[in-house]
Amino acid sequence: MPLGAARVGLGHKDAEKPYRAPEPTQVERITSELAEVLDGMDDAELLAPAAVTRHPDHLAVHEAARRLGCRWFWEDVAFWSTYALSGCDRQLFQQRVRHTLDPEVEDITGTVLDKVTLLHMHGSQMHPARKMYRPIRHAHTVAANLLPDPDGRPRGQFAERFYRLGRSW
């Protein structure tokens, strides 16, 4: 089932290295801007980065989205050049969320080209050209975690890991 979605740019510049934790005023500003975008859209559902990585933009948007009642988060590790680099981030993520987010793996094989199209809207994830393969490679890796269908047949070749707000949050 396709999502009825709209891209709304908030006009912020990507964080520059060396990365630092987001300032509280940045989180408050993003919360206010997202609330303004959502105003009047009672059926709108936010989907925010899980902030598995320590990227300050993802941490700020995650916190802002939580404040606004976000219940679904996408795993934001596909942009690491090597997934092994995210080991420390994963450990810190687990400590930060304290089992309040439940992971769910979803087959995206039928929509993986739509994902690439959306990623092209965020140029820093797709340029230089070598970066554009990371999200697809990661989706292929995550697909190994798909359970077989009820008849025991393997599922798709591409998957995405989402985190759903758990009972204890």
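Visitor: What share of the 169 residues in the protein is buried?

Guide: Buried residues make up 32% of the 169 residues, where buried means under 20% relative accessible area, exposed over 50%, and partly exposed in between (1.4 Å probe, protein chains only). This is a predicted model, in which local features need pLDDT of at least 70 and side-chain atom pairs count only at pLDDT 80 or more, while totals for chains, interfaces and linings use all residues. Residues are numbered from 1 along each chain as its sequence is written, and side-chain values use heavy atoms, with hydrogens and water left out.

Visitor: Why is the pairing of E45 and R71 called a salt bridge?

Guide: The term requires a side-chain nitrogen of Lys or Arg within 4 Å of a carboxyl oxygen of Asp or Glu. The side chains of E45 and R71 meet at 2.8 Å, N to O, so the pair satisfies the definition.

Visitor: What makes this pair a tie between separate parts of the sequence?

Guide: E45 lies in the loop between helix 1 (24-38) and strand 1 (47-49), and R71 in the loop between helix 2 (56-67) and strand 2 (72-74), so the pair ties together parts 26 residues apart in sequence. Helices (H or I, at least four residues) and strands (E, at least two) are DSSP runs, numbered from the N terminus.

Visitor: Why does E160 count as buried, and E45 as partly exposed?

Guide: E160 has 9% relative accessibility and therefore counts as buried. E45, at 44%, counts as partly exposed.

Visitor: Which residue does E160 meet in a salt bridge?

Guide: The partner of E160 is K115, at 2.4 Å, N to O.
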